[in-house]
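Let's look at a protein model together and ask where its descriptions come from. Each reply sets a value beside the rule behind it.

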Amino acid sequence: MPTTEHFNPVLVTQEMRYQLKRKLKAFGLCNTDYQGVITKQGGTVRVVKPSGLTVKTYSGSVVYEEADSSQITLSIDQADYIAATIEDTDQALTNIELVEKYLTGGIDSLAGKYDKYLFEEMGNGAHPDNVIDSVVYTTNTIVKAIDEAETRLKEADIDVSVPKFFTVSPREASLVRLSPHFTKNSELSDKVLVTGQIGKVFNMAIVESNNLKTEVASDITTGDPVNRYLPYGVIGALSTASAIPHKATETLRAQGAFADYFRALHYYGSKVFESKMLGVAKSRIGTGTA
């Protein structure tokens, strides 16, 4: 007979967080340092943004200014859940290997939705000057787009040494790999920066994902996508905070069945530091006006 007597929500949530982080690609491109505890949707946490110091002309004396950091409020405005019927929760969710087995599908779904959200927020937060017009990419033109992306970040006074990224779908990745400017991970002298990175072009880490935003023609409500959004920018330009609180992970006895209900909530949100640190290139993948 099913029982939830030995169900340990702390154990389960720890494993869920670990597995979720392993599957995310956009997460590694974000700043994930924050202050506060996430317990519900609608809450807030604080993200510390270093303040710049003013350069003054020296004329024999020095005036000191306080080196302070401004705190930005990040709203936890997103919430997703997974729920399942499990025959024996005590057996299934008190063992790490079984937790991974039973929850893999659910964690994959949570990761996919969170990744799509983060990539879309990067594109939405891009500065208008960093939007690269829609093009049907070839090996030559995708590399030109990556070069243009790096140039636009330089024009925005982004330090050359700051880690930067350019995202592609598997379709654009196949083109990038054919370029002589592409250096695959195994040939990089420096370490791979993020999950999903397949290599580098110039100074940009190339990150491959299936979770990039697509845009449908504006004159129709359904149909084939016209543009795929390829976010690029400075790693850490988008801040995000997320949690699967153990108090929001629970089991219930199923009514009228020899089984238990399991459910877990995932809370998250994001905030752009500075839009000039983000851009988006549009990959033309269909016909119509978008």
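Q: What makes a residue count as buried, and how many are buried here?
A: Buried means under 20% relative accessible area, exposed over 50%, and partly exposed in between (1.4 Å probe, protein chains only). By that rule, 43% of the 290 residues in the protein chain are buried. This is a predicted model, where local features need pLDDT of at least 70, side-chain atom pairs count only at pLDDT 80 or more, and totals for chains, interfaces and linings use all residues. Residues are numbered from 1 along each chain as its sequence is written, and side-chain values use heavy atoms, leaving out hydrogens and water.

Q: Why is 139-155 called a helix, and what is its span?
A: Helices are DSSP runs of H or I with at least four residues, while strands are E runs of at least two, both numbered from the N terminus. Helix H4 (residues 139-155) has 17 residues, so it passes the cut-off of at least four. The expected span is 1.5 Å times one less than the number of residues. For H4 that gives 24 Å, and the helix reaches 25 Å from its first C-alpha to its last, close to expectation.

Q: Which residues of H4 are buried, and what do they pack against?
A: Among them are Ile142, Val143, Ala149 and Leu153. The buried residues of H4 pack against elements including strand E4 (131-135) and helix H5 (170-176), where contact means heavy atoms within 4.5 Å.

Q: What comes just after H4?
A: Asp157, which takes a positive phi of about 65°.
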